[in-house]
Amino acid sequence: EFRGDQTIKQELKPQQALTYSLHRKRDHPQFLSTNRHIMQGYQDLTDVTWNAESSTYSGTAKVIAGEPFIITLAPNGFTTKVATASQGTAELAKQNDLTRLTLTSNTSAEVKWTITWSK
């Protein structure tokens with residue numbers, strides 16, 4: 001987490017590129033980025049929604065056959081319970097203070113995913 005007056009600095013090797021995806025912190029789990037595109041999810045994720053009543057976070061991902069699609073999320077004080085996908089598999093993993101949802105499918109498709117959280 002960074003305050004609005006802080007800066008980010010990173011040394012890069014020749015020919016190296018790095019993309020940061022910055023988001024205002026929410027009071028619920030939130031999407032941060034994907035492993036797919038330099039736009040960090042803006043081209044490959046749609047309908048991303050938090051439902052406070054059911055404590056679910058869901059969306060649709062453009063998954064390529066046989067390639068893991070990784071969505072990185074900030075839990076923001078919540079704990080994952082279960083993840084589901086409309087096809088293929090949905091696996092959850094913790095990485096430091098973040099949560100990663102990995103979607104895989106044998107066919108290229110728009111996969112609807114849902115994560116149920118608890119406070």
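These questions and answers walk through a predicted model of one protein chain. Residues are numbered from 1 along each chain as its sequence is written, and side-chain values use heavy atoms, with hydrogens and water left out. In this predicted model, local features need pLDDT of at least 70 and side-chain atom pairs count only at pLDDT 80 or more, while totals for chains, interfaces and linings use all residues.

Visitor: How many helices and strands are there in the protein chain?
Guide: Helices (H or I, at least four residues) and strands (E, at least two) are DSSP runs, numbered from the N terminus. Along the sequence the pattern reads β-β-β-β-β-β-β-β. The count is 0 helices and 8 strands.

Visitor: What radius of gyration does the protein chain have?
Guide: The radius is taken over C-alpha atoms, and the globule rule is 2.2 Å times the number of residues to the power 0.38. For 119 residues, a compact globule would come near 14 Å. The C-alpha trace spans about 40 × 35 × 25 Å along its principal axes. The chain agrees with the rule, at 15 Å.

Visitor: Which strands stand at the edges of the open sheet?
Guide: Two strands pair if DSSP finds at least two bridges between them. This open sheet has 4 strands in the order 2-3-8-5, with antiparallel pairing. Each edge strand has a single partner, so one side of each is left without a neighbour in the sheet. The edges are strand 2 (45-51) and strand 5 (79-85).

Visitor: What does the twist average from one strand to the next in that open sheet of 4 strands?
Guide: Axes are lines fitted to C-alpha atoms, for helices over the stretch in contact. Angles run from 0 to 180 degrees between N-to-C directions. From one strand to the next, the twist averages 20°.

Visitor: Which residue is the bridge partner of Tyr57 in strand 8?
Guide: Strand 3 (residues 56-63) and strand 8 (residues 109-118) are antiparallel and share 8 bridges. In strand 8, the partner of Tyr57 is Ile115.

Visitor: How many residues of strand 4 are buried?
Guide: Buried means under 20% relative accessible area, exposed over 50%, partly exposed in between (1.4 Å probe, protein chains only). Over the whole chain, 31% of the 119 residues count as buried. Strand 4 (residues 69-74) is largely enclosed by the rest of the structure, because the buried ones number 5 of the 6.

Visitor: Which residue in strand 7 is the bridge partner of Ile70?
Guide: Strand 4 runs antiparallel to strand 1, joined by 4 bridges. There Ser33 has Thr72 as its partner in strand 4. Strand 4 also pairs with strand 7 (residues 98-104), antiparallel over 5 bridges. In strand 7, the partner of Ile70 is Thr102.

Visitor: Which residue meets Glu1 in a salt bridge?
Guide: A salt bridge is a side-chain nitrogen of Lys or Arg within 4 Å of a carboxyl oxygen of Asp or Glu. Glu1 is exposed, at 81% relative accessible area. Its partner also lies in the segment before strand 1, so the pair ties together parts that are 24 residues apart in sequence. At 2.9 Å, N to O, the partner is Lys25.

Visitor: Where is the other end of the salt bridge of Asp5?
Guide: The whole structure has 2 salt bridges. Asp5 is exposed, with 59% relative accessibility. The residue it meets is exposed too, at 55%. The N to O distance is 3.1 Å, and the residue is Arg3.
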